[in-house]
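Please open the model in your viewer and keep the selection panel at hand. The stops below follow one another as selections, each with a short account of what is found there.

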Amino acid sequence: LWVPASSCATESCLTHAQFVESKSATFADLHRSFDIKYGSGRVRGIAARERVTLGFVEVREQPLGLVTLEQGRVFRLAHLDGIVGLAYKYPKEDMSFLHNLKQQGQISRALFSVWLDKRAGTSKSRLNFGGIEPEFIEGGLHGLQWLPVQVENNPCFWMVPMQSLSLGSETLVTNQRAILDTGTSLITGPPAAVKRILSEVNGRTVTCDNFREILPSLTVNLGGRDFTLTPEDLVLQST
């Protein structure tokens with residue numbers, strides 16, 4: 001979990017809410033630094049502990065990063081101030097916000113669920129710590145697809161077996177591992193498969209009027225069940 005520090009002078013920090021540690025009676029500086037690289041940026045700062053409140057729950061002595069340098073266009077343009085990491089596992093001395101919620105008795109299960117409303121301008125998306133809301137699942141709880149997390153050679157990801165990846169009726173990949181990540185809007189994959197997907201648009205004029213006819217659907221098979229992304233799911237319609 002990190003937020004911009006009051007001492008951060010980069011543009012992305014100055015245009016977002018900044019944490020003023022001198023105003024907190026529960027802030028504790030750990031006197032060590034941290035450095036995190038993302039696919040679209042990088043942050044550096046100091047490590048600390050702090051009491052964190054979210055809605056009606058509170059976590060004591062939560063590991064907290066105070067960012068003193070943000071690099072990357074995404075942080076300047078994004079609406080977010082900071083990031084709450086929800087990775088699969090953490091070093092024991094730096095437990096995640098989710099695991100601290102469970103350890104301190106705020107939730108009964110170390111579980112979180114996400115529902116994203118893809119309609120622009122809405123505020124109905126949900127993040128639930130400790131439970132699942134069946135009304136947001138097609139078929140209710142019976143419609144859930146449970147997948148085993150693969151822990152071998154897995155540093156911190158929600159990594160699951162992927163049976164196949166198909167473009168239209170063409171199978172591109174079989175028997176691979178996939179990472180489910182709520183922290184990115186990107187889809188990455190093996191170079192050969194990605195190049196094949198991009199070949200559908202290379203050299204063609206794709207517009208908001210014709211992309212539905214040009215682009216095929218992308219289907220991911222997880223646990224024997226197909227999850228299909230239509231052209232509407234894959235294209236960010238903006239001007």
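Contact here means heavy atoms within 4.5 Å. With that cut-off in mind, select Gln 62, which touches Leu 1, Ala 48, Arg 49, Glu 50, Val 52, Met 95, Ser 96, Phe 97 and Asn 100, not counting residues up to four places away in sequence. The model is a predicted one, in which local features need pLDDT of at least 70 and side-chain atom pairs count only at pLDDT 80 or more, while totals for chains, interfaces and linings use all residues. Residues are numbered from 1 along each chain as its sequence is written, and side-chain values use heavy atoms, with hydrogens and water left out.

Gln 62 is buried, with a relative accessible area of 2%; buried means under 20% relative accessible area, exposed over 50%, and partly exposed in between, with a 1.4 Å probe and protein chains only. Its place is in strand β4, where strands (E, at least two residues) and helices (H or I, at least four residues) are DSSP runs numbered from the N terminus.

Next, colour strand β4 (residues 57-71) together with β3, to which twelve bridges join it in an antiparallel arrangement; two strands pair if DSSP finds at least two bridges between them. The hairpin of β3 and β4 has two residues between the strands, and Gly 55 takes a positive phi near 60 degrees there. Now add strand β2 (residues 28-38), which pairs with strand β3 (residues 41-54) in the antiparallel sense over eight bridges, the hairpin from β2 to β3 passing through two residues. Select Arg 44 to see both neighbours of β3, for Asp 35 stands opposite Arg 44, and in β4 the bridge partner of Arg 44 is Leu 69.

Stay in strand β2 and pick His 31, whose phi is near 55 degrees, a positive value in a residue other than glycine. Most residues other than glycine have a negative phi. At 72% relative accessibility, His 31 counts as exposed. A second stop of this kind is Asn 175 in strand β8 (residues 170-179), with a positive phi near 50 degrees and a relative accessible area of 66%, so that Asn 175 is exposed.

Turn now to the aromatic rings: a search of the whole structure finds six aromatic pairs. Rings of Phe, Tyr and Trp (its six-membered ring) pair if their centres lie within 6.5 Å, and planes under 30 degrees apart count as stacked, over 60 as edge-to-face and the rest as tilted. Select Phe 112 and Trp 158, an edge-to-face pair with 6.0 Å centre to centre and 70 degrees between the planes. This pair links distant parts of the chain, 46 residues apart, with Phe 112 in strand β5 (residues 112-115) and Trp 158 in the loop between β6 (126-129) and β7 (159-167). Phe 112 is buried at 19% relative accessibility, whereas Trp 158 is partly exposed at 26%.

Which residue has its ring centre 4.8 Å from that of Trp 115? The partner is Phe 136, and the pair is tilted because the planes are at 40 degrees. Trp 115 lies in strand β5 and Phe 136 in the loop between β6 and β7, 21 residues apart. Trp 115 is partly exposed, with a relative accessible area of 26%, and Phe 136 is also partly exposed, at 28% relative accessibility.

As a last selection, show Trp 2, Tyr 38 and Phe 75, which ring pairs link into a cluster.
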